[in-house]
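Here is a quick walk through one protein chain and its ligand. Have the viewer open and follow along.

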Amino acid sequence: MKTRGAILRAVPGEYEIAELDLDEPRHGELMIKMVAAGMCHSDDHIASGDTQVGHLPMCGGHEGAGVVVQVGPETYGWSEGDHVIFSFLAACGRCRWCAKGMQNLCDRGALILAGTRPDDPESYRMSLDGTPVAQTCGLSTFSEYTTISVESAVKVDKDLPLETVCLLGCGVGTGWGAAVNSAEVYPGQTVIVMGVGGIGINAVQGAAHAGAANIIAVDPVAFKRESALKLGATHAVADMEEATAIAQSFTNGQGADSAIVTVGVTTGEHIGAAFSSIRKAGICVVTGLGKQTDFGIPISAMELTLYQKRLQGSLFGASAPTADIPWMIDLYRSGKLKLDELITNTYKLDDVAQGFKDMREGRNLRGVILF
Ligand SMILES: NC(=O)c1ccc[n+]([C@@H]2O[C@H](COP(=O)([O-])OP(=O)(O)OC[C@H]3O[C@@H](n4cnc5c(N)ncnc54)[C@H](O)[C@@H]3O)[C@@H](O)[C@H]2O)c1
Ligand SMILES: [Zn+2]
Ligand SMILES: [Zn+2]
């Protein structure tokens, strides 16, 4: 069938709308009518070329939710009309990582930037005038319809607003888990969150949920700082120097228990500043992404060893989507996790480029495309 989707023809480039051919779902697949798609900075990293993808054109988007319109042959447990949140990382359920509850590290992750099926590096479901079109993370949430693997789908109750819970497919779990799982925040701690976008605001929420006494949000944009204060931050400042001084003032000069880096275009210098802000045996969590070709983080190796500090990467908040997305839905239902408040602006698919412009100019906590 035909669908309209936002594609990148070249990088660096901008997302533009094209009419695509979409294949029917095969065994283990679902065709989805999209309802909503969040715009994450990782989609912009692909457009800018910071993150290198395996194939162009690519139909963008990896955060979203929709309704099943067709179920592949012998694909049990799924029906037309099911409501689905997409997980940007597929989980096979059988590899050593899935088996140990670390679905975010599932071996299927190897093909998210190839844009093929998660289990087959040669197989595409979208095309443009006969040329295969890659799907970001095997998903392409920036398309009116898409065909995905069931390994990327989490079924949810039909009463939930898909326009809102779509954010659970990347941004919310990534930020929340960065605090709760990766920074291992516990009651009374002092936490710095560096960069308050769609990810960082959820690190703020996660740190608050875990009982942090002091949550210092850092962002150069005033609107971001105000948003952080509304959603759990106790302090909000424009730079790491001030944040570090505040953290030291609460910890007898030692520094923050953890610092979480969620800057849009993360550099080694950002990570170095976060690493310097933490106390002995503290944790510096790196969630933000920068240029794939960048190497080197300016940290003192002596500080790393003698202060026994930890530098900790975090992918999708070290979460297991089929367990943690339902858990976060419960938290949303009980009012403990705010989602509606995260959506600053909504867009039509045709305005996707404007949405990314607004993101880059600091106008959105999260922008969401509504179909
Ligand atoms: N690890 C993962 O699993 C994962 C998942 C999704 C996104 N990401 C990455 O996380 C990062 C954040 O994504 P997002 O969607 O929240 O981006 P965003 O653009 O919405 O937010 C980034 C924020 O960083 C702020 N910022 C810029 N420079 C700063 C500085 N020097 N100090 C403090 N703040 C600064 C910006 O003002 C903005 O508010 C991106 O690099 C994205 O690719 C990682
Ligand atoms: Zn994302
Ligand atoms: Zn797996």
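What follows covers the ligand site, then the domains, then a few backbone oddities.

**The ligand site**

Keep in mind that this is a predicted model. Which residues come nearest to ligand 1? Out of the 30 residues around the ligand, the nearest are His41, Asp219, Gly264, Phe316 and Arg366. If you sort the shell by class, you get 14 nonpolar, 13 polar and three charged residues. Helix α1, spanning residues 41–48, gives the largest share of that shell, at three residues.

Three polar contacts to ligand 1 are worth pulling up in the viewer:

| Protein residue | Protein atom | Ligand 1 atom | Distance |
|---|---|---|---|
| Gly198 | backbone N or O | oxygen | 3.0 Å |
| Asp219 | polar side-chain atom | oxygen | 2.7 Å |
| His270 | polar side-chain atom | nitrogen | 3.3 Å |

How much of the ligand does the protein cover? On its own, ligand 1 exposes 870 Å², and 88% of that is buried by the protein. Asp219 turns up twice here: it is among the nearest residues, and its side chain also makes the 2.7 Å pairing with a ligand oxygen.

**Two domains**

The domain assignment splits the chain into domain 1 (2–169 + 339–370) and domain 2 (175–315). Note that domain 1 is written as two segments, 2–169 and 339–370. Measuring between C-alpha centres, if you want a number for your scripts, domain 1 and domain 2 sit 28 Å apart. Their contact involves 18 residues of domain 1 and 20 residues of domain 2.

Together the two domains bury about 1,500 Å² between them, with 61% of that area on carbon and sulfur atoms. Which three residues of domain 1 supply the most of its buried area against domain 2? That would be Asp50, Leu342 and Leu365, which account for 37% of the area on the domain 1 side.

The ligand ties back in here as well: the shell around ligand 1 takes at least three residues from domain 1 and at least three from domain 2.

**Backbone oddities**

Most peptide bonds are trans, and most residues other than glycine have a negative phi. A few spots in this chain go the other way.

Take the prolines to start with. The bond from Val11 to Pro12 is cis, with omega near -5°, and Pro12 sits in the loop between β1 (2–8) and β2 (16–22). The bond from Leu56 to Pro57 is cis too, with omega near 0°. Pro57 belongs to the loop that runs between α1 and β4 (58–59), and α1 is the helix that gives the ligand shell its largest share.

Then there is Glu74, which is not a glycine but has a positive phi of about 50°. You'll find Glu74 in the loop between β5 (63–71) and β6 (83–86).

Terms used. Residues numbered from 1 in each chain as written. Chains lettered and ligands numbered in written order. Predicted model: local features only at pLDDT ≥ 70, side-chain atom pairs only at ≥ 80, totals over all residues. Heavy atoms only, no water. Near = heavy atom within 4 Å. Polar contact = N/O pair within 3.5 Å; in protein donor to acceptor, adjacent residues only side chain to side chain. Areas by Shrake-Rupley, 256 points an atom, 1.4 Å probe, with all protein chains shown as cover. Helix = DSSP H or I, 4+ residues; strand = E, 2+ residues; numbered from the N terminus. Nonpolar A, V, L, I, M, F, W, Y, C, P; charged D, E, K, R; others polar. Domains from an automatic or database assignment. Contact = heavy atoms within 4.5 Å. Buried area = accessible area lost by both parts, 1.4 Å probe.
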